[in-house]
Amino acid sequence: MLNRRIFIHSAVAATAALSAPRVLGQTKPRVVVIGGGAGGATVARYLAKDAAGALDVTLIEPNATYYTCFFSNLYLGGFREFESLAHGYDAIAAAGVTLVQDMAAGVDPAARTVTLAGGGVLPYDRLVISPGIDFVEGSVPGWTLADAEVMPHAYKAGPQTQLLKAQIEAMPEGGLFCMVAPPNPYRCPPGPYERVSMVAHMLTQMNPTAKILVLDPKEKYSKQALFEEGWQKHYSGMVEWIGPDMGGNVVEVRPGSMEVLIDGEVQKVDVCNVIPGQMAGAIAAAAGVTDATGWAPVDPATMQARADANIYVLGDASAQGDMPKSAFSANSQAKVAAMAIRAELTGSKLFPAKYSNTCWSLIAPEDGVKVGASYEPTPEKIASVESFISQTGEDAALRKATYEESLGWYEGITADIFG
Amino acid sequence: MGGAGRLLAPFALLAAAVCTPAAANLIGDADRGATLFQRQCSACHRIGPDAVNRVGPQLNGLYGRRAGAVPEFPYSKSMARMGSDGLTWTLETLDAYVENPKALVSGTRMAYKGLKDDGPRADLLAFLRDYSDRPRDIPEAEPTARKTLPDLAPEILAIEGDAEYGAYLSSECSTCHQRDGTDRGIPSITEWPAEDFVIAMHAYKEKLRPHPVMQMMAGRLSNEEIAALAAYFATLEE
Ligand SMILES: Cc1cc2nc3c(=O)[nH]c(=O)nc-3n(C[C@H](O)[C@H](O)[C@H](O)COP(=O)(O)OP(=O)(O)OC[C@H]3O[C@@H](n4cnc5c(N)ncnc54)[C@H](O)[C@@H]3O)c2cc1C
């Protein structure tokens, strides 16, 4: 029988074990999870469910309700109600996870404790960090997080998403919507462009002479040919995309006067969606698992942080190689990590890591496209081994089926994450 | 919340890097490929920031590009025709081209006799791959590793249709397929007879059944893994 793997891999761990008071059999192995999003909620629920009582699992998350970023663009386009993006943690608690509604304020990797903003201290045997993203300060000159009230990012779903929608609805006739697109890497590679599609759809309905300007520091983006075809077909003349060769990479914003400077040239705008450069959620750096890039390198086979064998990092915050930062990826990584953590702490079987991702995007009503890939761990990184993408020129029936598939996926993955 | 008192139970000794056999193989060693490129290719080709066409076309963004598609490069008729016939540069097509250029594109102007050794050729292809789209940013980009069916540990292989392994594998299914059998947009797979399931998975694997997501998912399952999934699903029927 596989497979109680007992390795003492560092002198530190050994000394700590020897010097600590030994109270045998009093506690179950403790796993603390920071962040109840796509990665964290999945790993907490799977750990509790599959360990069947052998692990003590705690999930730290400040919000009682999680609003999915995925499908938040469809809310902007008028295809979904805001409340349809809301998910609670009841089923996760029912699976046996202890919920702590608080913010993790710090991690002491040597003592193996998490400090809560509310003051408590939680000890752990294994810590999982899945805090999503934070924004890189100074990424868009002229914009700070405080300006998000005027120029929203709407890249963490919630009030920001509602604010952006309200601003679009309040645009003057024939007004200008501007998006400052993010540099790589960022969460959801097709996300900004799906958003452009959804805003275009909404404007076509209620403000057909309005225009959309996309300022992009990247030469290329995911599903570009599909989006360009769709914008041409459904929203002809409405969307203008400015890449780095035309100044899309030299952008400054002035929230006070609702102006955007494109390579020094002033442009007045009515709505400005600033999606800044991104990095791992701040708690990852506080735990000491990030590197100079701002993301947390992990072992491709397990999602264990390269910097600390007791910490796993999931989802957007991790630097794992080829997987895009998506809810699908975070959920996929969480299941591998849950399996690996159970193997470590309960001696259950350790299986090969399996990773996959598919990102659907909606371009117009019933015009859905998708991109997907499967991934395998190599010693260096999680590597893409096969990929596919929807084709330009597909017929309406296939695009409709793809859209309906995305609705099924949303129901499926939210049930898989939140129970 | 709980106090800081730290109890160290025996499982703390398990603090260890989990070791699993890493499955896939990267294309090759890009560093060795760089040296090779320098020696064998750089007289005619440029790659990297600001690379321009020389005797040969610049090689940024090569993977995933149509043959003969770099603007303003005077390709041979033969290469231009291959491009319009649909030749796209992927790991497989580049591998064939670099091994024996004239065998793939008869009239190519590239005066290169080909690199017959598999190892160095893989290293060169790995080096070239680093200058094309990154899958992290553009998920549809060409793969960076060769797919391998996982090297299952003998302990796992020994078990015929291991339901526990199947349960783990099935967590990939439940990202889209709901366990309660709901089937809006995505078909239900609950209460699917095990035998039909096995046949369907093999049909996806061989691309007899259409659907890109399922072909991809099934394409990387070994026969043992399909058996494990079937064994797990059978336990659900009980
Ligand atoms: C517009 C848009 C569209 C998208 N569309 C898709 C899509 O169609 N498909 C797809 O797969 N992905 C999509 N995504 C991406 C997806 O939302 C993210 O990749 C995914 O949510 C990442 O999961 P995560 O667990 O890393 O982080 P998150 O889901 O962001 O979860 C992080 C959680 O951690 C909590 N947290 C942060 N810091 C702390 C702390 N210190 N203490 C306690 N809790 C903390 C936060 O409150 C949050 O709940 C989209 C994203 C956007 C912005």
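The legends below describe close-up views of the two domains of chain A and the interface between them in a predicted model.

**View 1. The two domains of chain A.** According to the domain assignment, domain 1 of chain A is made up of residues 2-132 + 281-350, whereas domain 2 of chain A covers residues 137-274. The C-alpha centres of the two domains lie 33 Å apart, and their contact draws 17 residues from domain 1 of chain A and 19 residues from domain 2 of chain A.

**View 2. The area buried between domain 1 and domain 2 of chain A.** Between them the two domains bury about 1600 Å², with carbon and sulfur atoms giving 65% of this area. On the side of domain 1 of chain A, N73(A), L76(A) and K325(A) together supply 37% of the area buried against domain 2 of chain A, which is more than any other three residues supply.

**View 3. The salt bridge and polar contacts between the domains.** The rule finds one salt bridge across the interface of domain 1 and domain 2 of chain A. R187(A) forms a salt bridge with D316(A), and the closest N and O atoms of this pair are 2.6 Å apart. Six residue pairs in polar contact, both residues being at pLDDT 80 or more, are also found across the interface of the two domains.

**View 4. Helix α3 and the side of domain 1 that touches domain 2.** Helix α3 (residues 72-76) of chain A contributes five residues to the side of domain 1 of chain A that touches domain 2 of chain A, the largest share of that side. By residue class, this side of domain 1 of chain A divides into nine nonpolar, six polar and two charged residues.

How values were computed. Residues are numbered from 1 along each chain as its sequence is written. Chains are lettered from A and ligands numbered from 1 in the order in which they are written. This is a predicted model: local features need pLDDT of at least 70, side-chain atom pairs count only at pLDDT 80 or more; totals for chains, interfaces and linings use all residues. Side-chain values use heavy atoms; hydrogens and water are left out. Domain bounds come from an automatic or database domain assignment. Contact means heavy atoms within 4.5 Å. Buried area is the accessible area (1.4 Å probe) that two parts lose on being put together, summed over both. A salt bridge is a side-chain nitrogen of Lys or Arg within 4 Å of a carboxyl oxygen of Asp or Glu. A polar contact is a pair of N or O atoms within 3.5 Å; within protein, one must be able to donate a hydrogen and the other to accept it, and residues adjacent in sequence count only if both atoms are side-chain atoms. Helices (H or I, at least four residues) and strands (E, at least two) are DSSP runs, numbered from the N terminus. Ala, Val, Leu, Ile, Met, Phe, Trp, Tyr, Cys and Pro count as nonpolar, Asp, Glu, Lys and Arg as charged, and the others, Gly among them, as polar.
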